[in-house]
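Q: Please take a close look at a single part of this model, and then place that part beside the wider architecture.
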Amino acid sequence: MGKPTGFLEHPRQGCPAQPPEERVKHWNEFHPTLSEEERRTQGARCMECGVPFCQSGVQLAGMFTGCPLHNLIPEWNDLIYIGTPGLAWERLRKTNCFPEFTGRVCPALCEAACTCGLHGDPVTVRDNELAIVEEAWASGLVAPRPPSVRTGKRVAVVGSGPAGLAAADRLNRRGHTVTVFEREDRVGGLLLYGIPNMKLEKRFVQRRADLMAAEGVAFRTNCDVGRDVSAQALLDEYDAVILCCGAKKPRGLPVAEGVDGVHFAVDFLASTTRALLDSGLAKGTFLDAGGKDVVIVGGGDTGNDCVGTAIRHGCRSVVQLEMLPKPPDVRDADNPWPQWPKVSKTDYGQEEAIALFGADPRRYQATVKECRTDKTGALCSIVTVRLEAKEQDGRRIMAEIPGSEQELPCQLLLIAAGFLGPEDYAADAFGVDRDSRSNVATAAGRYSTGVDKVFAAGDMRRGQSLVVWAIAEGRAAAREVDQYLMGYSGLA
């Protein structure tokens, strides 16, 4: 696929990024696209490798590598190279409902498994994917395609994140009548209120929702199933219900409970997005980091998003705490290709902090030991403590190093320490069983719960994960629901 010698002739060229000093002045995406000729050159780098691990989506050494959607990557890279974007779009949309989302926010499991990456730089798979779908939108190839025949079956999807939207999209195309229930004021779930605008502009989420509505999917926003609408009402009205409520129960920090000035990262990010959409970020309408010393607990993607958001607010300083040691800069010997590379990366928010404040905001092997408040009870500083790895009862734990305490100024402490599974009330309303991690329990590789007519998909079933996995789960759940309703299924 591609040009047989392309990977030898052409270097990798990703979409350029605006300099940090410029992009922090706005809330829009900041990666200008390549020209058509440059993109064709990048498509040419897809080598005829024989075994395309990029589309494998397999688990190696406890972590997945390759695309969970099994995107036909070599095929559409070749079609980019030979200059047939319409055909490339046809191959891409066979496996991915929403490439405009994964092309922006996916960590590119495909590129980690690219054969070109074994001894050089992988193909720009994610950028190529985004170029295909945006060209398709621009040229009118993405247009409403309502089903010509309806089956008479009705399906309720609870939650409009990527899993819920993917399930709704597939079942609607099959001809079932689908209603999506969303407790927030807008459609999109995690895509809307969990991911900052500079990573995924919300107009693209709305664009897709509008298309799905034109194809016949009904959306009911400001409708909280389990509170505003009973589970029994849905079971009475619909032939099947799919729970896609996400894993929104945040992991707390005991030493910070009840302190004024401490917030969960998801609330901080959501308040900014909501204020951007409602008022253009009018003062007093969001959790404001402007002029404050900000500390973020958590070193993952959400923590990095908080860094970038706080900087755009105009924070005075920002520190990001990570309990674990810094990962290596290159693969260790026990982490060979095509496993997911467990290496250190500097993401956009950290790049911006380095450019503006002159230092990497991350502090590894550290956590918050104490929160200190002023006379009014507001947070004014925190005490951090260094950690070291120790063996305890056969387990590796991170233990405090005595005497390593350090006080940092802090008026805003954000907790980005992950999630503990779905919120209880929706699952409890349907009476579904839970697994040891409090996720909705299903049989391995299945999406039906122990309750008749009730299915689950996405983070609610598998735990906190990636957008690409949520889409894969939604598609797979749709196929199982279709089989349940019709006795057979032609959905892929």
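Leaving aside its neighbours within four places in sequence, which residues is Ser 56 in contact with?

A: In this predicted model, Ser 56 is in contact with Thr 65, Gly 66, Cys 67 and His 70, once its neighbours within four places in sequence are set aside. Ser 56 belongs to the loop that runs between α3 (36-44) and β1 (58-60), and because its relative accessible area is 19%, under the 20% cut-off, Ser 56 counts as buried. One of its contact partners, Thr 65, offers a backbone oxygen that the side chain of Ser 56 reaches at 3.5 Å.

Turning to the wider architecture, the largest nonpolar core holds 71 residues, and Val 155 and Ile 242 are those with the most contacts inside it. Helix α18 (residues 467-486) supplies the largest share of this core, namely ten residues. Apart from it lies another core, of 21 residues, including Phe 181 and Tyr 425. Val 155 itself touches Ile 242, and also, among others, Leu 171, Tyr 238, Val 481 and Leu 485.

There is also an open sheet of five strands with parallel pairing, in the order β5-β4-β3-β6-β16. Since β5 (218-220) and β16 (454-456) stand at its edges with a single partner strand each, one side of each is left without a neighbour in the sheet. Strand β6 (residues 240-243) is joined to β16 by three bridges, the two running parallel, and Val 241 stands opposite Val 454 in β16. Helix α9 (residues 162-174) lies across β3 (154-158), β4 (177-181), β5 and β6, and runs at about 165 degrees to β4.

Note on methods
Residues are numbered from 1 along each chain as its sequence is written. This is a predicted model: local features need pLDDT of at least 70, side-chain atom pairs count only at pLDDT 80 or more; totals for chains, interfaces and linings use all residues. Side-chain values use heavy atoms; hydrogens and water are left out. Helices (H or I, at least four residues) and strands (E, at least two) are DSSP runs, numbered from the N terminus. Buried means under 20% relative accessible area, exposed over 50%, partly exposed in between (1.4 Å probe, protein chains only). A polar contact is a pair of N or O atoms within 3.5 Å; within protein, one must be able to donate a hydrogen and the other to accept it, and residues adjacent in sequence count only if both atoms are side-chain atoms. Contact means heavy atoms within 4.5 Å. A nonpolar core is a set of buried Ala, Val, Leu, Ile, Met, Phe, Trp, Tyr and Cys residues joined through side-chain atoms within 4.5 Å. Two strands pair if DSSP finds at least two bridges between them. Axes are lines fitted to C-alpha atoms, for helices over the stretch in contact, and angles run from 0 to 180 degrees between N-to-C directions.
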